[in-house]
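User: Let's test the labels in this model. I will ask what stands behind each one.

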Amino acid sequence: MVGESDQGGLLVGLEIHQQLACSTKLFCDCPPIKSEVLPYHFERRLRPAQSETGGVDPAAVFEFSKGKSNKYFWSPESSCLVEADEEPPHPLSSEGLDSALLVGKTLESNVVDEVHVMRKIVIDGSNTGGFQRTAVVGLGGSFDVGGEKVGVQSVTLEEDAARILGEDSTSRHFALDRLGVPLVEVALDPVRGDPELVGKVALYLGRVLRSTGKVARGLGTIRQDLNVSLSGGKVVEVKGVQKLNLLPRVVEYERARQSALVTVAARLKERGVKAVSCGITDVTEAAHNLGSRILRERASEGGKVVAVTARGLKGLLGWEPVPGFRLGKEVAEVARANSLGGIIHSDEFEHQGIPQQEEVLLRTLTGAGEDDAIVLLAGLSEQVDACAPRVVERLRVAVAGVPAETRAATDAGETRYMRPRPGSQRMYPETDIPNIGVTKRTLANLDKIVPQNWEAHVSKLAETYGLSEDIALKLYDSEMDGEFEALAGELKLEPSVVASTLVDLPIRLAREGVPEAALGLGMLSEVLRAVAHGEIAKEAIPDVLKAVGAGNRDVEIAIRSLGLERADESKIRAVIESVLLRNAGLVREKGDAAFAQLMGEAMKELRGRADGAAVARNLKAKLSQAGRPSK
Ligand SMILES: [Zn+2]
């Protein structure tokens, strides 16, 4: 099967964007905070500007042709005139620069001796000025993932874009709070497109970045982009993979999608089609009488219906060389990215309510031959006019297999067409910011704080506290290692109890429906302190947190509500006495062998209030006393 074969190796280049933990934005003094309330807004329309070399970027033209304006919502607590592009940028934040340089050093990158801030054209509206400021701080470098050496291409300091809020029919909406927040971008050399390896590399790099102590924590602070290509094929850029665990799925999806497209191209070659020639015919008049309700409606609403013909493509739009992947789906995505609802193509005419005789009519009107495909586009006149050439372009490149394009990752781990790949004339110098020299002294100071390799750090954590490597890594990944060391030092508790309470227990209890508010670091440390001070037994920790989650305000109240005040030795002995009394017959019959059952009964009464070891010790002593006379 052609479709099953691996069409040359898949290569994946990762680009990680990690927010830096800085007190201000990169080019102004606004704090990098999220504003819940955005009381002000203004509106802009951006035009694709010519770059200094005179070219116009295809991606920019594409976004502009959608014809939408941009509305920016902002709050003075998180934005100023710099974000609005009404005031020149302030000097580059030295905190941001030092953090990015440290990341470069940690990745063994060759740090530049002069930082040049550049403007990168961005025309999707996410930057008020139509460009993003970016500066390379390091080139080259490498790290080792499970014996595999991964090369670093570049380490770049850049400002984040505005936060997307949504869009309506006339404008896109953005929040300015995120605009200008410092990010470090690490671009890696391509690695084998083995989904598992790609996931591992990203996880590893995330850990390296965190080891610097200079990166922001929490959800939404890291974003992965991928450059995916089959060897020798065009590069597809996949943007915005938010969750690490989606990376392998995205790689798998692109592998399947790209190999389907290569298979379609091979079939075209077999048919002797060297170039797909296309035509565009206005069929609005004919659409009034077609069987498809949607086409009739578009035509009668004063819209437009055009037929795009593609020579030699009949049967290949609806074909699934790899399950779930069709060229027709790709063309529909292009139409959707151009504001149309979708397409109807000739491989699915009958299914879409267009019978044979109407297909014959359409073929006559458009001059399409027996072997040609027809793609119908319907919508507002200007939308159809803007979309038709894009669809033609997409059909033409079917002979080449995979087109170079920018795609967006979805939450399901799939990818969707966004726009053509940007051209090469995307960068020009930012003249408002002078170049910044990186002094020997700066570098020497950075050398002093380059972090220990994170794997060594985790091993040391495990060794120092007698933890398993597994739980030490969980502490590191959940960014609880610092808190763990502080608590383990402060409280006289087994370190493994502290560690599992911090990292394992919250996950288990969250699964059982305990609200997150009860599982924060504050509550966890409070409950650990209660154990350390002898107020409760460690066995009671889960019940106390559940009680906190069920509405008790704090740990102390929860302990009281559960009647969990710790049982002292005399209470333990009293409970054991009553258990032995109730089971006198059993004790006589089985002697020491009755231990397990008696222990179970005693713990039912003392659960959470006494240490299991203390109960067992008392019970064993009592049992051997009880057993003696019968001997
Ligand atoms: Zn500002």
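**Labels and their cut-offs**

User: Which residues does K474 touch, not counting those up to four places away in sequence?
Analyst: K474 touches V503 and D504. Contact means heavy atoms within 4.5 Å. This is a predicted model: local features need pLDDT of at least 70, side-chain atom pairs count only at pLDDT 80 or more, and totals for chains, interfaces and linings use all residues. Residues are numbered from 1 along each chain as its sequence is written, and side-chain values use heavy atoms, with hydrogens and water left out.

User: Why is K474 called partly exposed?
Analyst: Buried means under 20% relative accessible area, exposed over 50%, and partly exposed in between (1.4 Å probe, protein chains only). K474 has 33% relative accessibility, so it counts as partly exposed. K474 lies in helix α12 (residues 469-477). Helices (H or I, at least four residues) and strands (E, at least two) are DSSP runs, numbered from the N terminus. The C-alpha atoms of K474 and F27 are 36 Å apart, with their places 447 residues apart along the chain.

User: Why is S346 called buried?
Analyst: Its relative accessible area is 6%, so S346 is buried. S346 sits in the loop between β18 (344-345) and α8 (356-366). Leaving out residues up to four places away in sequence, S346 touches E359, R363, D372, A373 and I374.

User: What makes strand β11 largely enclosed?
Analyst: Five of the five residues of β11 (residues 171-175) are buried, so the rest of the structure largely encloses it. Both faces are covered. S171, H173 and A175 are buried on one side, R172 and F174 on the other.

User: How do you know that β11 pairs with β3 and β10?
Analyst: Two strands pair if DSSP finds at least two bridges between them. β3 (residues 69-74) and β11 share five bridges, in the parallel sense. There, F73 has A175 as its bridge partner. β10 (residues 163-167) and β11 share four bridges and run antiparallel. I164 stands opposite F174. β10 and β11 form a hairpin, with three residues between them.

User: What makes residues donors of the zinc ion?
Analyst: Donors are N, O and S atoms within 2.8 Å of the metal (3.2 Å for Na, K and Ca); water is not among the atoms, so sites may look incomplete. The donors here are SG of C28, C30 and C80, and OE of E83, listed twice, at 2.3 to 2.5 Å. Their spacing in sequence is C-x1-C-x49-C-x2-E. C28 and C30 are both buried.

User: How many residues are in the largest nonpolar core?
Analyst: A nonpolar core is a set of buried Ala, Val, Leu, Ile, Met, Phe, Trp, Tyr and Cys residues joined through side-chain atoms within 4.5 Å. The largest has 125 residues, and F143, L377, L395 and V544 have the most contacts inside it. Helix α3 (residues 195-211) gives the most to this core, eight residues. Apart from this core lies another of 20 residues, including I572 and M603.

User: Why is the protein called more spread out than a compact globule?
Analyst: The radius of gyration is taken over C-alpha atoms; the globule rule is 2.2 Å times the number of residues to the power 0.38. For 631 residues the rule gives 25 Å, and the protein has 33 Å, well over that, so it is more spread out. Along its principal axes, the C-alpha trace spans about 110 × 65 × 50 Å.
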